[in-house]
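Thanks for making the time this morning. I would like to go through one structure with you, beginning with its pockets and ending with a pair of helices.

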Amino acid sequence: MTQDEAAKPEPSKDEPDKEAPAAGGEPAERVDAPDSDGPNWVLRIVLVLVALAAAYIAFRVSAAFFPRWWAQRVADQVKGDFTDGTLWGLFYGFVFTFIPLLLLVQIRRRFFNWTWRIIVTFIALLLAAPNWLTLSVVLGTSKAAHAGERIMDVDAPNFRAGTLTGAIIGAAAALALTAMSLWLARRKNQVKRLKNERDQLRKAVSKPADE
């Protein structure tokens, strides 16, 4: 042992090893990087507020335009005739209630995911637009709604009553058809189950005879 080696102090066991870790080893201290992918709640809140404001503006614009516009379209079809008003009301009320409800009940199908269920619901609501427009005239409080009521009173008599009657008949027909479809599907499953039980019973009876 040389004099330099003897003078060199031995490393203390209490002092941490400052050397870099070996390949494949874990570092002594790990600094976690800040999570920059977290949700930006401020941006989401702003987007929601903007969407609500846009929806409110669209509602106000539609309430000031569509009731009068729809009443004028109906008046052009009915042309002041009581019978035509009743028939057109029955047609709109039935068709645009029956079809949307039949489409809406399809969201119970298991092969629809939530995205498609939302899309189907939106389409069903859109198909019922004529009835929504008539309802906006009946229940609306805007100037356009009051103007639409006056137009229908003169040029489309009994259209609103016919629409209500047709909507009730259409809803009843859609519910009855849906209930019938569910009942038939249940009966089909019962028949299938009974056939399986019959086949199992036949196998159980014929098995001892074969032995």
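**Two pockets and a helix pair**

The lining of the second largest pocket divides into seven nonpolar residues, five polar ones and one that is charged, and I should say at once that we are looking at a predicted model. This second largest pocket has a volume of about 290 Å³, and of the 13 residues that line it, F59, S62, A63, P67 and S136 lie nearest its centre. The elements that give two or more residues to this lining are α2 and α5, with α2 providing the largest share, six residues.

Turning to the largest pocket, its volume is about 380 Å³, and 18 residues line it, of which T97, N131, W132, L135 and A167 are the closest to its centre. Here the elements that contribute two or more residues are α3, α4 (114-127), α5 (129-139) and α7 (159-210), and by class the lining has 13 nonpolar, four polar and one charged residues.

That leaves the helix pair. How are α2 and α3 packed against each other? Helix α2, residues 41-78, and helix α3, residues 82-104, pack at an angle of about 125°, with their axes 9 Å apart, and the two helices are therefore oblique to each other. Their crossing is right-handed, and the contact is made by W70, Q77 and V78 on the α2 side and by D84, G85, W88 and Y92 on the α3 side. Sorted by class, this contact has four nonpolar residues, two polar and one charged.

Conventions. Residues are numbered from 1 along each chain as its sequence is written. This is a predicted model: local features need pLDDT of at least 70, side-chain atom pairs count only at pLDDT 80 or more; totals for chains, interfaces and linings use all residues. Side-chain values use heavy atoms; hydrogens and water are left out. Axes are lines fitted to C-alpha atoms, for helices over the stretch in contact, and angles run from 0 to 180 degrees between N-to-C directions. Helices (H or I, at least four residues) and strands (E, at least two) are DSSP runs, numbered from the N terminus. Angles under 35 degrees count as roughly parallel, over 145 as roughly antiparallel, 65 to 115 as roughly perpendicular and the rest as oblique. A crossing is left-handed if the near helix is turned anticlockwise from the far one by less than a right angle, and right-handed if clockwise. Contact means heavy atoms within 4.5 Å. Ala, Val, Leu, Ile, Met, Phe, Trp, Tyr, Cys and Pro count as nonpolar, Asp, Glu, Lys and Arg as charged, and the others, Gly among them, as polar. On a 1 Å grid over the protein atoms alone, a cavity is a set of points where a 1.4 Å probe fits but cannot get out, and a pocket is an open set with protein on both sides within 12 Å along at least five of seven lines; lining residues have an atom within 4 Å of a point. Grid points are joined across faces, edges and corners, and a volume is the space filled by probe spheres set on the points.
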